[in-house]
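Subject: Structure for your files

Dear colleague,

Here is the structure I said I would pass on. My notes on it follow below.

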Amino acid sequence: MNIIGPDALVFGVDDVAACSQYLTDYGLTAVGQGRFEALDGTAIVIAHKDDPALPPGLGTSSMLRKTVYGVGDAATLQAIAEELARDRTVERLPDGSIESVDDMGFVLGFQLSVRKPLALPAETINAPGAQPQRAPNTVAVRDDADCRPRSLSHVVYFVPDAAQAEAFYVNRLGFVCTDRFTGVGPFLRPAGTLDHHTLFMIQTPPFMKGCEHFTFHLGGPTEVMQAGTRFVQKGYESFWGPGRHRFGSNWFWYFNSPLGCHVEYDADMDLHDGAWAAREAPMGADASQLFLLQHREKWAPGGPLPGK
């Protein structure tokens, strides 16, 4: 099935104003009431938790109400509807999308993808032994660099039964496992993208079921560092990072948020096709990141030693 990846995540939140400010400061653009978009049109959508238009909650503290996947064509949309209707309700919404639930109770939407094609440069490097990627007199860093999120990358679920959850996405929707943490959960990639994963699942007790984090792709590791630094300067609390993951190889920086989950910046994720063989490793600090940095206030040589 030609499922590309998440087009939008829908949240029912306690504080709409705080979440709106957070998403704007993160770099998304407000487009209409409660919708905050990346450059390609993928989005986070928020409403007050008591809004009757929202899908029902998960019965936990999670604020995530719906994951909307973009598909590449009408045939895929019809195929998903027919597949899921074999054993669960599938609702056709007025906008032409369909809505159902997965085996863990997460509400899913599927629509013809809203993703707009992007034609933007990626970060370039110069390295001894390789042809220069930047011409002479072209600098790599700018204080005014545009570090806006480009595309919704992935979402991470806490699930009570990772094996059953994985089976649903693999057997019913055509996702494939690219890597796995033993006894914890899989990284999953749908057929319509080469991104290492658009969904990762972590097995937890049932009362934790919900969204652990979501992230948007940026243009490179320098943008992760620069966007994250700006976010810290606006008063938001760093949770984990910056650093670089092993599985997926993506650079990361996670922050606390008022959406009841963590929010990440990421960049430079591995791409995989059908020739890739999934790896497996026990969950642990070494498996989770190749390296981890720690943000601190700026410092200049000749000044007081950091931390003194």
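The model is a predicted one. To begin with one pair of residues, F181 and F200 are both buried. Their ring centres lie 6.0 Å apart with the planes at 70°, so the pair counts as edge-to-face. F181 belongs to strand β10 (residues 176-182) and F200 to strand β12 (residues 199-203), and the pair links distant parts of the chain, 19 residues apart.

Searching the whole structure gives 26 aromatic pairs. Another of them is F11 with F214, which is tilted, at 5.7 Å centre to centre and 50° between the planes. Because F11 sits in strand β1 and F214 in strand β13 (residues 210-217), this pair ties together parts 203 residues apart in sequence. F11 is buried, at a relative accessible area of 0%, and F214 is buried with a value of 0% as well. Both belong to one aromatic cluster, whose members also include Y22, Y26, W253 and Y265.

Now the sheet. Eight strands form an open sheet with mixed pairing, in the order β2-β3-β4-β1-β5-β8-β7-β6. Its edge strands, β2 (29-30) and β6 (91-92), each pair on one side only. Strands β1 (residues 3-13) and β5 (residues 64-71) run antiparallel and are joined by seven bridges; V10 stands opposite K66 in β5.

Two helices are worth listing here. Helix α2 (residues 74-84) packs on the sheet, touching β1, β5, β6, β7 (98-101) and β8 (107-112), and its direction makes about 150° with that of β8. Helix α3 (residues 162-173) also packs on the sheet, in contact with β1, β5, β7 and β8, at about 30° to the direction of β8.

Regards

Methods. Residues numbered from 1 in each chain as written. Predicted model: local features only at pLDDT ≥ 70, side-chain atom pairs only at ≥ 80, totals over all residues. Heavy atoms only, no water. Pairing = 2+ DSSP bridges. Helix = DSSP H or I, 4+ residues; strand = E, 2+ residues; numbered from the N terminus. Contact = heavy atoms within 4.5 Å. Axes fitted to C-alpha atoms, helices over the stretch in contact; angles between N-to-C directions. Phe/Tyr/Trp six-rings, centres within 6.5 Å; stacked < 30°, edge-to-face > 60°. Buried < 20%, exposed > 50% of the residue type's maximum accessible area, 1.4 Å probe, protein only.
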